[in-house]
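Please look over the sequence and the model shown here before reading on. The paragraphs that follow move from metal sites to a pocket and then to other parts of the chain.

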Amino acid sequence: HAKAAGRGRFAIFGKHMDDLLQGRRKMERELRAAIDKKVQIETVYQPVYAADTGALNGVEALARWRHPKQGVISPDVFVPLAEELGIISELGRIVLEQACEALGPYQDLTISINASPLELSSDAYPLHVLSTLAKFGVDPDRLEIEITESLQLEEKSQAAVAIATLRAAGVSFALDDFGAGYSSFGRLQNLHVDRIKIDKSFIDALSPGDSSAVVQAIISMARAKGLQTTAEGVETLEQKMVLQSLGCDALQGFLLSRPISRVELHAMLDRPRERECL
Ligand code: C2E
Ligand code: MG
Ligand code: MG
Ligand code: MG
């Protein structure tokens, strides 16, 4: 009896696994098709503001997958999938093109994009980025590429060459999610960046009664190294005020603005008074 029940359970478990696998395969096919045909991938833009004046510095471009049945799928889901499928470079190209097209004419605004370590390691990356900038009339010094500490940067590796080439052309780099991993401080020694983006987990901790010592230490260290700082995930007025008093350079978060569509962005930029948030 027990054996029979056991088999039954396995049969049910097996079917469930089967469904999961089929769902996954289907999603893979759909993502490939979306990226291939350049459909359903829609870049949204989150404003980044100067902490002291409240002026709009620029925007971070963030990818969205508008799935016809499942609605908007998060990049936390489809970016790792695109990496596994070997199509992350194509995704990156779509986002860069959309962002340059949307922001090209706004000469005073910086465009930040996220680059996967795999993308940076592809031979074609630096020249492709520079030619896209040229195509849309975006000066390279308006582009900032956000990288993460998971990037393994061996000397003379393709990624090191890409970063050097792009830096020489005027593109700047930011270390994203700073402090979230195990080796952030160590990575700063060999990743040449211009800015660190302080991970949201540290900003969350800036609540009444909690100590701001860690964020303060990160900002002082950045200043000592001549790096700019951006706080990610600012959600409360209290956090904003603490960050301003600590001398953080730039602020990004739902308190100031959520990521917005291209249409909303243009509406905002065409009303100059709204370029300030504080
Ligand atoms: P990230 O680069 O660290 O981007 C910041 C994430 O925090 C975004 O999530 C943004 O919507 C969210 N965020 C901003 N302010 C707040 C806030 O105040 N509260 C909360 N709760 N969240 C906030 P999103 O857009 O879901 O992106 C997640 C991650 O996916 C990004 O983290 C980035 O690592 C990756 N990603 C997004 N677009 C791309 C892309 O085009 N290429 C690559 N390679 N990765 C991307
Ligand atoms: Mg980022
Ligand atoms: Mg981040
Ligand atoms: Mg993140």
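The magnesium ion (ligand 2) is held by four donor atoms, from Glu60 (OE), Asn114 (OD1), Glu146 (OE) and Asp176 (OD), at 1.9 to 2.2 Å, where donors are N, O and S atoms within 2.8 Å of the metal (3.2 Å for Na, K and Ca), and where sites may look incomplete because water is not among the atoms. Along the chain these donors follow the spacing E-x53-N-x31-E-x29-D. Within this site, Glu146 in strand E5 and Asp176 in strand E6 link distant parts of the chain, 30 residues apart; strands (E, at least two residues) and helices (H or I, at least four) are DSSP runs, numbered from the N terminus. Glu146 is buried, with a relative accessible area of 1%, and Asp176 likewise counts as buried, at 8%, the term buried meaning under 20% relative accessible area, exposed over 50%, and partly exposed in between (1.4 Å probe, protein chains only).

This is a predicted model, in which local features need pLDDT of at least 70 and side-chain atom pairs count only at pLDDT 80 or more, while totals for chains, interfaces and linings use all residues. Residues are numbered from 1 along each chain as its sequence is written, chains are lettered from A and ligands numbered from 1 in the order in which they are written, and side-chain values use heavy atoms, with hydrogens and water left out.

A further metal belongs to this picture, for Asp176 bridges the magnesium ion (ligand 2) and the magnesium ion (ligand 3), which lie 3.9 Å apart. The magnesium ion (ligand 3) is coordinated by Asp176 (OD), Asp177 (OD) and, listed twice, Glu232 (OE), at 2.0 to 2.5 Å, and its donor residues are spaced D-D-x54-E in sequence. Because Asp177 lies in strand E6 and Glu232 in the loop between strand E8 (228-231) and helix H10 (237-246), this pair ties together parts that are 55 residues apart in sequence. Asp177 is partly exposed, with a relative accessible area of 30%, whereas Glu232 counts as buried at 12%.

What is the volume of the largest pocket? It is about 1200 Å³, a volume being the space filled by probe spheres set on grid points that are joined across faces, edges and corners. On a 1 Å grid over the protein atoms alone, a pocket is an open set of points where a 1.4 Å probe fits, with protein on both sides within 12 Å along at least five of seven lines, and lining residues have an atom within 4 Å of a point. Of the 49 residues that line the largest pocket, the closest to its centre are Glu60, Leu62, Asp76, Asn114 and Asp176; among these, Glu60, Asn114 and Asp176 also coordinate the magnesium ion (ligand 2). Helix H3 gives the largest share of the lining, 8 residues.

Elsewhere, Glu28 is found in helix H1 (residues 2-37), and at 17% relative accessibility Glu28 counts as buried. Not counting residues up to four places away in sequence, Glu28 touches Leu81 and Leu85, contact meaning heavy atoms within 4.5 Å.

In helix H6 (residues 158-169) sits Ala169, which counts as partly exposed at 34% relative accessibility. Ala169 touches Leu130 and Pro140, again leaving aside residues up to four places away in sequence, and Ala169 and Leu130, although 39 residues apart in sequence, are 8.1 Å apart in space, C-alpha to C-alpha.
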